[in-house]
Amino acid sequence: MASSHPSNLTSSPLDQGHSDKLIHKLILTHGHSNLTPRSTTRGDSSSSRGSDHTSLGDQPGHSGTSSPSEGTRRHAPTSHRTGAENLGAENLGAENLGFDTSELPLHPGLLGHHDEDETAYGESLNDEKVIIERPIYTQREFDEGHEEVLHGKHRVSRFIRSRVSKCECSFACVRRSVAHRLPFLAIMRDYNFKTDLIADAIAGLTVGIMHIPQGMAYSQLATLPPVYGLYASFFPVILYFFFGTSKHISLGTFAVISLMTGSTITKGIKARNLVPTTFNRSVEVGGNVTFELSNNSEEILHTKLMLAMSVTFIVGVIQLLLGVLRLGFITVYLSDALISGFTTGAAVHVFISQISSIFGISTGKYSGVLKLVYECRDIFQNLPQSNVVTFIAALICMLLLWIVKEYINGNTKVKAKLKMPIPIELIVVVMGTVVSYLVKLEEKYKVKVVGEVPVGIPPPNLNPFSCLSEVVSDAIAIAIVSFAISVSMAKIFANKHDYFVDANQELLAYGICNIVPSFFSSFVSTVSMSRSLVQEEVGGKTQVTGLVSSVLLLVVLLVIGTYFRTLPNCVLAAIIMVSLKGMFRQFLQLKTLWKISLVDFATWIVVFLGTVLLDVDLGLLVGVMFALLTVILKSQRPHSCVMGQVPGTDLYKNISVYPSAKEIPNIKIFRFDSAIFFANSEFFKTSLYKHTVDPYDLKKLRRKLKRHRKKEHVYITESSNSELQSGETGHRTNDIHLTIGHPADHHCMRTSTEPSRYKQATALSDIVYIIIDCSMMSYIDAMGVKVLQQVG
């Protein structure tokens, strides 16, 4: 019954189980929305070249192809007939549609078209129309004369054999496998040291300078000392050089992922009831016992490190498994609107978390529902205890950062004259450290500073195995969000510079870049948008840029790191706040989303509010569930409409959208904009009856008419002599003629007092055929076939 081409029509009565059949034919079409047979024939009546017949249905198992016996003719210009008339010419009955069925015109887009052959023969289609003539097949008729290939059916044994046949053990196979898993081999093989090395060195130094302040600042978001942010900016970058496929992304710390890691750590600390406490400790020196003040800061730090390294290890394992199983496609469920709303909501969390450092006050650590509400409450309660020096220092730093980023680095005229962006973050960090050391901000004004920064590379440890069971649920969310952000940035640069990024290989790279560094006190790393953009803007060519930035970070870790001891925390908070400008600008997307898609607009709002009011991980869960719900609803209740012909053309449009489109008398053209499957099969049936005619309502109306026949002087005559010729099928059908009034009048008397049910009955009786446009149906499952049989 299903058709795969506009010219393949299957005709069957609607609701065959019912006695009253006002709808005589139901026709299924599959093709373009204009419902015109797209057969192309070029012929010449004066030559014997033969004819080439091309159709959209020229595929195995598809009907609509031209038969060898088809003839072609070229006619002088005549009035163009519509696609619906063409469809119904042979199956609908010529008498009812009122035209000759011997000619089927081509699609109008082909009329008036010139090509080389026609020019050679001196023919112009501007003055002529090409007409083809051939039978209209049903699917069964076409299958009888043509062998069908079961291209859609796969057997397990065939699938296994095809996979096994691709397996080979040879040196070439091993070499291809190694080259695929280690992309840097291909990059270094084609590396031009004369041109690429200088560009990568400049970009690497620029990005490395950005790594230092951002790594230290974002480490605070993870509730860890600043040096651990430098570790997260060092180890993953080196590993990505060997396993990554993107040439322009900068791996390391990122605000949203650092915040999510910090949220996980906060939950673990809260579950253990660990709070900073000060107590007296007895110390025996030379037989004398003395008491000194002590605290549990080392215990808290050790617990934080265990939680941070555990979540980093699990994130890496999840990403590695997804890459091995080739599940990189899962990010398609995170739409751009969802990611944008989520990152904007997370930016609000980041902004609120840094207010306490800007004012130099202390607030509680919270997690879960209404986390931001409690933090804002503490901020307002403690504002009277603000440190004025801390606030002034932060304000000056934010002002400098804003001016340089907006009017120098962000100014296209000025930026064109600079060889590299001004590293204002590093300048602010150095200035803040020097001023704090000279003025002694910590001792005199109680300004909180970074404190001791360990020198050297941390030794490997087994902290990642300490708290695995506690962080699995949080690690899943972090792994997916990290991969979605990273691979999105990688694909943006790949499209811009015309190279390929393998999502599954990227998953493997991100997994390795989190598993290995977790043993060296590094927390979760991901791609930074700001650093990646700078790396591409200053001319970075390959992943060698990451190696150069790692060398600079190594120097900082081994030599310079200890000099940052006097760096005020408010300076790092200022850097974080100013860097959030790009995320907050995502609010401007709402105007565009409102115009393009209300569903995407609603998704953005829901995930943003969920992230702000609940928590980062809960907000992401709410957003994903809402996005999936919209997909389910759109597939379960897709759009459907009645099509009408645009006068003067063979185009068929939605009559509710285009008022100029007019319905063809006695015909309803119904379009269902989705596949028909178990979830929407009943909705398809309901929509079809709603837009055309419901046989159950007709049955009820007939019973009511019979009951009121004498009272309202209504009689129903069933004329068995009225016949409809349906093309070449030769079916005889009965029409039900409803006459309202006195039988002696023998004509329809329509008055203002006429009951509405009679008006409805006479209107519905005009529908003779229903055409179902199947062009939007990608597939039909067993339930869909069952429903089509029911309505057929």
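Where in the chain is the place of Arg326? The answer is in one of the close-ups below, and every view comes from a predicted model.

**View 1. Arg326, a residue with positive phi in a loop.**
Arg326 sits in the loop between α11 (297-324) and α12 (336-359). Its phi is near 55°, a positive value in a residue other than glycine. For background, most residues other than glycine have a negative phi. Arg326 counts as partly exposed because its relative accessibility is 47%, a value that falls between the 20% and 50% cut-offs.

**View 2. Lys440, in the loop between α16 and α17.**
Here we look at Lys440, which lies in the loop joining α16 (424-439) to α17. Lys440 isn't a glycine, yet its phi is positive, at about 60°. With a relative accessibility of 42%, Lys440 is another residue that counts as partly exposed.

**View 3. The whole chain, for orientation.**
Stepping back for a moment, the chain has 31 helices and 17 strands. It runs to 792 residues, and 48% of them count as buried. The accessible surface comes to about 39400 Å², with 60% of that belonging to carbon and sulfur atoms. Take the contacts between residues at least 6 apart in sequence: 77% of them join residues at least 24 apart.

**View 4. Asp378 and its partners around helix α13.**
Asp378 is found in helix α13, which covers residues 371-382. It counts as buried, since its relative accessibility is just 8% and the cut-off for buried is under 20%. The side chain of Asp378 makes a polar contact of 2.6 Å with the side chain of Tyr366. If you ignore neighbours within four places in sequence, Asp378 is in contact with Thr363, Gly364 and Tyr366. Asp378 also forms a salt bridge with Arg377, where the closest N and O atoms are 3.4 Å apart. Buried or exposed, how do these two partners score? Asp378 is buried, while Arg377 is partly exposed, with a relative accessible area of 39%.

**View 5. Glu470 and Arg272, a salt bridge between two loops.**
The structure holds 10 salt bridges, and this close-up picks out the one between Glu470 and Arg272, whose closest N and O atoms are 2.6 Å apart. Glu470 lies in the loop between α17 (441-445) and α18 (472-497), and Arg272 in the loop between α10 (255-271) and β9 (278-285), so the pair ties together parts that are 198 residues apart in sequence. Glu470 counts as partly exposed at 40% relative accessibility, and Arg272 counts as partly exposed at 29%.

**View 6. Lys496 and Glu536, a salt bridge between two helices.**
Lys496 forms a salt bridge with Glu536, and the closest N and O atoms are 3.0 Å apart. This pair links distant parts of the chain: Lys496 is in helix α18 and Glu536 in helix α20 (residues 529-537), 40 residues apart. Lys496 is exposed, with a relative accessible area of 57%, whereas Glu536 is buried at 13%. Elsewhere, Lys267, Asp474 and Asp617 are joined into one network by salt bridges that share partners.

**View 7. Phe342 in the largest nonpolar core.**
The largest nonpolar core has 119 residues, and Phe342 is listed with Leu224, Ile249 and Met260 as having the most contacts inside it. Helix α18 gives the most to this core, with 13 residues. Which residues does Phe342 touch, leaving aside its neighbours within four places in sequence? They are Val256, Met260, Val481, Val607, Thr611, Val616 and Leu620. A second, separate core has 17 residues, including Phe670, Phe683, Met777 and Val791.

**View 8. Strand β17, covered on both faces.**
In strand β17 (residues 769-773), 5 of the 5 residues are buried, so the strand is largely enclosed by the rest of the structure. Tyr769, Ile771 and Asp773 are buried on one side, and Ile770 and Ile772 are buried on the other. β17 runs parallel to strand β14 (residues 667-672), and 5 bridges join the two. Within this pairing, Ile667 stands opposite Tyr769.

Key: Residues numbered from 1 in each chain as written. Predicted model: local features only at pLDDT ≥ 70, side-chain atom pairs only at ≥ 80, totals over all residues. Heavy atoms only, no water. Helix = DSSP H or I, 4+ residues; strand = E, 2+ residues; numbered from the N terminus. Buried < 20%, exposed > 50% of the residue type's maximum accessible area, 1.4 Å probe, protein only. Polar contact = N/O pair within 3.5 Å; in protein donor to acceptor, adjacent residues only side chain to side chain. Contact = heavy atoms within 4.5 Å. Areas by Shrake-Rupley, 256 points an atom, 1.4 Å probe, with all protein chains shown as cover. Pairing = 2+ DSSP bridges. Salt bridge = Lys/Arg side-chain N within 4 Å of Asp/Glu carboxyl O. Core = buried A, V, L, I, M, F, W, Y, C linked by side-chain atoms within 4.5 Å.
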